[in-house]
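Colleague: Please take one part of the surface of this model and look at it closely for me, and then follow the chain inward from there. I would like a connected account that I can read beside the structure.

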Amino acid sequence: MILGGLCLACVFGVWSWATAGSIAEERILSPTLMPSPYEVWASIDTLLERGLLSGIAATLKRVFLGFGLSISVGVTAGILAGSWRPLQSFLAPLVLFGRSLPLAALIPLTLIWFGIEDKQKIMFIFIATVPFIFSDTVASVLSINERYVETAETLGASRRQIIFKVLVPLALPDIFTSVRFLFGLAFGYIMLAEVINAKAGIGFLINQSFTRGGNMEHALLLLLIIGFMAYIIDRALVWFQRGLFPYRKDL
C-alpha cells in the first residue's frame, strides 16, 4: 500500500513538474497536450454541468446489468461443465471462439443484433466477458483435489450433492477472485460501447471531450475518475470476499 502510494506520488510529481508554469511557452509540455493536475481538477465544475453524475450512473448501470448476466450464465455453465467433462468438451469450441473474438468486430455485430440503445451496450459486455468467466469457473472446479470427491463418494453422496456441497463451496473463492478481476475488464470495455450512439455515460463524455473543442482537461479528469472508481469497487469486492471466505488467508 505504501509503495503504491509512493508510485502515484512520483507520477503526479513528474506530471506537475512537466506542466508547471502559467505561460504555455514556458512549459515542458504544452497545455494542449497535457494540462496540469490543477487545471484538470479545476475543470470538474463544468464537467458536472455536462452531466458527470448521471453519466457515472448510466455507465455503472450498463456494466452491472451486462456483467451480472455474464456471471449468471458463465458461472452456472462453468460449474456444470467442470463437473461433467462431456459438457466441457461440447462447449469448448464455442468458448474458444468467444475468447478469441476481437472487440473491434464485436461492436458492429452487437449493433446489428441488438440495435443502438442500451440493450446493445449491455449485451456487448455480456458477450465480451462470459467466455472468460466460463473458462475460469471450469478451471476453478477442475483444480479441486480429487480426494474431496472421493471422500464424498465414500460417504454415499449423490452426484448432485457432490456438486453443490463439495465442488461449489471449494471453487467459489477462486471463482470470486476471477470475477473480481474480470469486472475491471468489463468496466474498461463499456467505454468502447458508449462511443456509439450513447446519450449518457463516461465513455460518451470522453468522446464528447475530444470531438467538441478537444477538451483535454475533461478527458484526463474522466480517466482519473474511471481509475478511482475501479479501485474503490475492487477494494469493496476484496472486503466482501474476505468476509465470505475468512478461511482463505491468501485472498
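Modeller: In this model, which is predicted, helix α1 (residues 2-18) is the element that gives the most to the nonpolar patch, with three residues. The patch is made by L8, V11, F12 and L224, and its area comes to about 350 Å². L224 is found in helix α11, which covers residues 216-244. L224 counts as partly exposed because its relative accessibility is 38%, above the 20% under which a residue would be called buried and below the 50% over which it would be called exposed.

The cysteines C7 and C10 can be taken next, since a bench reader may well ask about them. A search of the whole structure finds zero disulfides, and C7 is accordingly in none, with the nearest cysteine sulfur, that of C10, lying 6.7 Å away. Seen from the other side, the sulfur of C10 has its closest cysteine sulfur in C7, and the 6.7 Å between them is too far for a bond, because a disulfide would need the two sulfur atoms within 2.5 Å. C7 counts as partly exposed because its relative accessibility is 47%, and C10 is likewise partly exposed, with a relative accessible area of 46%.

From the surface we can turn to the interior, where helix α11 appears again. The largest nonpolar core has 51 residues, and F67 and I202 are those with the most contacts inside it. Two or more residues come to this core from each of α3 (44-49), α4, α6 (103-114), α7, α8 (146-154), α9, α10 and α11. Of the elements, α9 gives the most to this core, with 16 residues.

I202 deserves a closer look. It belongs to helix α10 (residues 202-211), where I202, G203, L205, I206, Q208 and S209 are buried. These buried residues of α10 pack against α4 (52-83), α9 (159-193) and α11. When its neighbours within four places in sequence are left aside, I202 is in contact with G55, I56, T59, M191, E194, L222, I226 and M229. Apart from the largest core there is a second, separate core of five residues, which includes A81, L91, F134 and V138.

E194, one of the contacts of I202, leads on to the charged residues. A search of the whole structure finds four salt bridges. In one of them, D118 is paired with R62, and the closest N and O atoms are 3.0 Å apart. This pair links distant parts of the chain, since D118 lies in helix α7 (residues 118-142) and R62 in helix α4, 56 residues apart. D118 is partly exposed because its relative accessible area is 30%, whereas R62 counts as buried, at 5% relative accessibility.

The side chain of R62 also meets that of E194 in a salt bridge, at 2.7 Å from N to O. Here too the pair links distant parts of the chain, with E194 in the loop between α9 and α10 and R62 in helix α4, 132 residues apart. E194 is buried because its relative accessible area is 1%.

A further salt bridge brings together the side chains of R180 and D234, at 2.9 Å from N to O. R180 lies in helix α9 and D234 in helix α11, 54 residues apart, so that this pair again links distant parts of the chain. Both R180 and D234 are buried. As for the wider arrangement, salt bridges that share partners join R62, D118 and E194 into one network.

One last residue of helix α4 can be added to the picture, namely A77. A77 is partly exposed because its relative accessible area is 22%. The C-alpha atoms of A77 and R99 are separated by 15 Å, with the two positions 22 residues apart along the chain.

Definitions and conventions. Residues are numbered from 1 along each chain as its sequence is written. This is a predicted model: local features need pLDDT of at least 70, side-chain atom pairs count only at pLDDT 80 or more; totals for chains, interfaces and linings use all residues. Side-chain values use heavy atoms; hydrogens and water are left out. Patches are made of residues with over 30% relative accessible area and no salt bridge: like charges are joined within 9 Å, nonpolar side chains (Val, Leu, Ile, Met, Phe, Trp, Tyr) within 5 Å. Accessible areas come from the Shrake-Rupley method with a 1.4 Å probe; for residues, only the protein chains shown count as cover. Helices (H or I, at least four residues) and strands (E, at least two) are DSSP runs, numbered from the N terminus. Buried means under 20% relative accessible area, exposed over 50%, partly exposed in between (1.4 Å probe, protein chains only). Contact means heavy atoms within 4.5 Å. A nonpolar core is a set of buried Ala, Val, Leu, Ile, Met, Phe, Trp, Tyr and Cys residues joined through side-chain atoms within 4.5 Å.
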